[in-house]
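Colleague: Could you take me through one part of this model in close detail? I would like to see a single loop position first, and then how it fits into its surroundings.

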Amino acid sequence: MNGGKQEPGLWSRTTLVARKGDGRFDRGSKWFLAALALVAIAVPILNQAVPASSPFHLSAFGITLIGKYLCYGMLALAVDLIWGYCGILSLGHAAFFSLGGYAMGMYLMRQIGPRGVYGDPILPDFMVFLNYKSLPWFWYGFNHFVFALLMMLLVPALLALVFGWFAFRSRVTGVYFSIITQALTYALMLAFFRNNMGFGGNNGFTDFKDILGFDLHSDRTHVVLLVITAIALAASYVACRAIVESRAGRVVLAIRDAESRTRFLGYPVESFKLWLFVFSGIVAGIAGALYVPQIGIINPSEFAPINSIEAVIWVAVGGRGTLYGAVVGAILVNYAKTYLTGAFPEVWLYALGALFVLVTLLLPRGIVGLLPASGRRRSGGKINERMEMQTPSDVAIEKVNVKE
Amino acid sequence: MTVRNKRLYLEDLTVSFDGFKALNKLTLYVEPGEMLCIIGPNGAGKTTMMDVITGKTRPDSGTAWFGDGINLLQLSEPEIVAAGIGRKFQKPTVFEQLTVFENLELALAGCRSFLKTLRARITAAQHRRIDEVLDIIGLWEHRESLGRILAHGQKQWLEIGMLLMQNPELLLVDEPVAGMTPHEIERTSELLLSLAGEHSVVVVEHDMAFVRSIAKRVTVLHEGSVIAEGDMDKVQNDPKVIEVYLGV
C-alpha cells in the first residue's frame with residue numbers, strides 16, 4: 001500500500017476489490033439479534049414445556065409483560081431512527097403507535113361478532129350502547145384481516161406523510177417541531193375521547209375474543225404473538241440498520257450535523273426527512289398493532305403526550321444513535337417501571353425524572369455507551385483497501401524497488 | 001459574442017445596493033487552467049463578484065458567461081454548480097460525524113434522491129476518483145478519521161476535495177489560508193498550484209505573502225472596478241495600487 005502520489009497511468013491497470021464488510025452486521029447488532037432469538041425460543045419453552053409447578057415456569061402474566069416490552073422496544077427503535085440519526089425530536093410518536101393499535105383493535109372488535117354482551121352480529125357493544133343504528137363507513141372492511149393489516153400500516157404512514165410534508169416543507173425544525181408533535185398527539189387524544197368519533201370514546205376497545213380464529217385467552221396464542229413480535233422487532237431492526245448503513249444513512253447523518261451544507265451539495269433535505277419520518281411512523285404503527293392483542297385493550301390514553309415523552313426517555317437512557325440501545329433502554333426503563341409502580345407506586349414519576357437527568361448528565365451516550373467499542377456506528381474497515389489489485393508488472397516493479 | 005476561448009467572461013458588471021455600487025462596470029476574464037488571485041481592500045467588491053458568478057446576486061447590468069456557451073445570468077445556483085463552477089466559502093463546513101472518505105463520497109456527482117442513495121454502491125471508478133482526490137488534498141492517511149477531529153487546515157483541504165469530487169472547471173476559493181499555520185499555508189499553496197492547469201482557479205485572499213507565492217497574475221479591485229492587473233511585482237509597484245490598497 002503506498003500512501004504517496006499515484007502515477008495516473010497506474011490507475012488504468014487497477015481492478016475492483018470489493019469494499020470489505022458490506023452487508024454484514026457489527027458486533028452490537030449480532031448480540032442484539034442473538035438475544036432476541038433467545039427470547040423467541042426460551043419463552044415458548046418456559047411457558048409450554050416447563051410444568052406450572054416448576055419455579056422456571058413462565059406465567060401468562062410474564063409472557064404479556066415481555067411482549068409489551070418488545071412492542072415498546074419497537075417504538076423506541078422508531079424514535080431512535082429519526083432522533084438519533086436525523087436529529088428530528090418527535091414528541092408525538094405514540095400517536096402512530098396508537099393508530100396502529102386502533103386499526104388492530106377495530107379488527108378484533110369485528111371478530112367478536114354476536115358474542116358481545118348485547119349480541120348484535122354486526123355492531124360492537126359500545127355502538128349498541130350509544131344507540132348507533134348502523135356501522136359507520138370507516139368500520140367497513142375491518143372484519144377482513146388483510147384489510148385491517150393494510151390499515152395498520154397505511155393509517156400511521158399517511159398521518160406521518162401529511163404531517164411531515166407540511167412540517168418539513170415549512171422548514172419547521174428543532175424545538176418547534178417537537179412542540180407541534182406534542183400538539184398532534186394531544187389533539188388526537190381529545191378527538192378519540194369523544195364518543196361520537198365512533199372509536200368507543202374513553203373506554204376504547206376491549207373484551208377481545210380471538211384473532212384469526214385463535215383464542216386470545218389461551219397462553220399458546222400469546223406465545224405465538226410474542227414470537228411474532230420478536231420477529232417483527234428483528235425485521236424492523238434489520239431494515240433500520242440497512243437504512244443507516246446505506247449512503248442514504250450517511251446523508252441523513254450529514255443533515256443532522258450540517259443541514260444547509262447538505263442542501264448545498266444538492267441533496268433534497270426535506271424529502272430525506274419525510275421518507276425517514278414515514279418509515280419511522282410505520283414501525284411505530286406495527287408496534288402498536290402488536291401491542292393491542294397482547295395487552296387486550298386500547299383506549300385514548302395511549303395518545304397521551306407523556307407516552308411519547310417516555311419513549312424519548314427510553315432512547316436517551318439506552319443510548320441514541322445505536323438502534324439497539326433504544327430497545328435496551330425501552331426494556332430496562334419499563335422493567336424498572338413495572339417494579340417501582342408495584343413496590344412504591346408514588347415514587348415512579350420522580351424516579352423517571354431523576355433517571356433522565358442523571359443519564360443526561362453522566363451518560364450522554366446512554367447505557368450502551370458503557371459497553372466497549374460501541375456508540376459510533378461503524379461497519380468495519382471497509383474502506384481501508386485501495387481500489388487496486390497487484391498485476392504481475394506491479395509485482396515486478398516492487399521487486400526492483402526491493403533490490404534498490 | 002465572439003469566441004475567445006476564455007473560461008470566464010465578466011463584462012461591465014454593475015451591482016448596486018441602495019445606491020452603493022458594489023461592482024462598477026467590472027470587466028475581468030479568466031483563462032482556462034489559469035490561477036488568478038484577486039486582492040483589494042474591504043468593500044472592493046470581491047465577495048459580490050463571487051456572488052454574481054455563483055448566481056447568489058443578480059447584477060443590474062453587464063454580462064457573465066461561463067466559457068463560450070453558458071450565460072450564467074440565466075441559471076439558478078444549483079444549475080451553476082452543475083455547469084462546473086465550485087465555490088469554497090471562507091468558513092469550512094465538513095460533516096463532522098462522517099469520515100473523510102464518507103465526506104467525499106457524499107460529494108460525488110449523481111445520485112441525490114433518497115431511494116437512489118438507499119441502494120447506491122460506490123463503483124470502482126468512483127472509488128478511484130475518491131482515492132485520487134485523497135492524494136491530491138493530502139488526506140489519504142486520514143481517510144478513516146472523522147471530520148470533527150481534523151485540524152482547521154485539514155478541514156479546508158477536505159472542503160476543497162469535496163469541490164473536486166464534482167470535477168468543476170472553475171474553482172472559486174474565498175480566503176483559503178485565513179487562520180492557518182505557516183506550514184498549512186505552504187501546503188495549501190502547493191495544493192492550489194497543483195489544481196491550476198486542470199481547473200481554472202480564482203483565489204480571493206488578503207495574505208500578501210501567500211498571494212505572492214501562488215499567483216502568476218494578480219487583479220486588484222477597488223470600489224467595484226479593476227484598477228491594476230499583472231504579475232505581483234508589477235501590481236505592487238503600480239502607483240494607483242500603492243495609493244488605494246498597499247497604503248504606503
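Modeller: Happy to! In what follows, a helix is a DSSP run of H or I with at least four residues, a strand is a run of E with at least two, and both are numbered from the N terminus. Please keep in mind that this is a predicted model.

Let's look at Leu323(A). This residue sits in the loop that links helix H12 (305–318) to helix H13 (324–343) of chain A. Its backbone deserves your attention: Leu323(A) is not a glycine, yet its phi is positive, at about 70 degrees. As background, most residues other than glycine have a negative phi. Is Leu323(A) buried or exposed? There are 29 C-beta neighbours inside 10 Å of Leu323(A), so it counts as buried; the cut-off for that label is 20 or more.

One residue in contact with Leu323(A) is Leu77(A). Leaving aside residues up to four places away in sequence, Leu77(A) also touches Ser236(A), Tyr237(A), Cys240(A), Val283(A), Ala326(A) and Val327(A). Leu77(A) has a prominent place in the largest nonpolar core, which has 169 residues: it is one of those with the most contacts inside that core. Met74(A), Leu75(A), Ala76(A), Val79(A), Ala287(A) and Trp314(A) are the others named in that group. You can find Ala326(A) and Val327(A) inside H13 of chain A, which spans 324–343.

A second loop residue makes a good comparison. Asn131(A) also has a positive phi without being a glycine, here about 65 degrees. This residue belongs to the loop between helix H5 (125–129) and helix H6 (145–169) of chain A. Its surroundings are another matter: Asn131(A) has 6 C-beta neighbours inside 10 Å, so it counts as exposed.

Phe142(A) is found in the loop between H5 and H6 of chain A too. With 20 C-beta neighbours inside 10 Å, Phe142(A) counts as buried. Beyond residues up to four places away, Phe142(A) is in contact with Met106(A), Tyr107(A), Arg110(A), Phe147(A) and Ala148(A). Its C-alpha atom is 8.8 Å from that of Met109(A), 33 residues away along the chain.

For a strand position in chain A, try Ile211(A), which lies in S2 (residues 210–211). Ile211(A) is partly exposed, having 18 other C-beta atoms within 10 Å. Apart from residues up to four places away, it touches Leu108(A), Gln111(A), Leu216(A), Thr221(A) and Pro293(A).

Stepping back to the whole of chain A, its secondary structure consists of 15 helices and four strands. Of its 404 residues, 40% are buried. Contacts between residues at least 6 apart in sequence are mostly long-range, as 79% of them join residues at least 24 apart.

How far can you trust chain A? Its mean pLDDT is 87, with 86% of the residues at 70 or more. Residues 1–23 have a pLDDT below 50, although the model gives this stretch 30 contacts beyond near neighbours in sequence. Residues 374–404 of chain A are likewise below 50, and that stretch has 43 such contacts.

Now for the partner. Chain B has ten helices and ten strands. Its radius of gyration is 19 Å, close to the 18 Å from the globule rule for 248 residues, so chain B is as compact as a globular protein of that length. Along the principal axes, its C-alpha atoms fill a box of roughly 55 × 40 × 35 Å, and 42% of its residues are buried.

Helix H1 (residues 46–53) of chain B is largely enclosed by the rest of the structure, because six of its eight residues are buried. Those six are Lys46(B), Thr48(B), Met49(B), Met50(B), Val52(B) and Ile53(B). After H1(B) comes Gly55(B), with a positive phi near 85 degrees.

Finally, the two chains meet through 28 residues of chain B and 28 residues of chain A. On the chain B side, at least two residues each come from helix H2 (77–83), helix H3 (100–107), helix H4 (114–119) and helix H5 (124–136). That side is made up of 13 nonpolar, five polar and ten charged residues.

Terms used: Residues are numbered from 1 along each chain as its sequence is written. Chains are lettered from A and ligands numbered from 1 in the order in which they are written. This is a predicted model: local features need pLDDT of at least 70, side-chain atom pairs count only at pLDDT 80 or more; totals for chains, interfaces and linings use all residues. The radius of gyration is taken over C-alpha atoms; the globule rule is 2.2 Å times the number of residues to the power 0.38. A residue is buried if 20 or more other C-beta atoms lie within 10 Å of its own, exposed if 12 or fewer, and partly exposed in between; C-beta atoms are placed from the backbone. A nonpolar core is a set of buried Ala, Val, Leu, Ile, Met, Phe, Trp, Tyr and Cys residues joined through C-beta atoms within 7 Å. Two residues are in contact if their C-beta atoms, placed from the backbone, lie within 7 Å. Ala, Val, Leu, Ile, Met, Phe, Trp, Tyr, Cys and Pro count as nonpolar, Asp, Glu, Lys and Arg as charged, and the others, Gly among them, as polar. pLDDT is the predictor's confidence in each residue, from 0 to 100.
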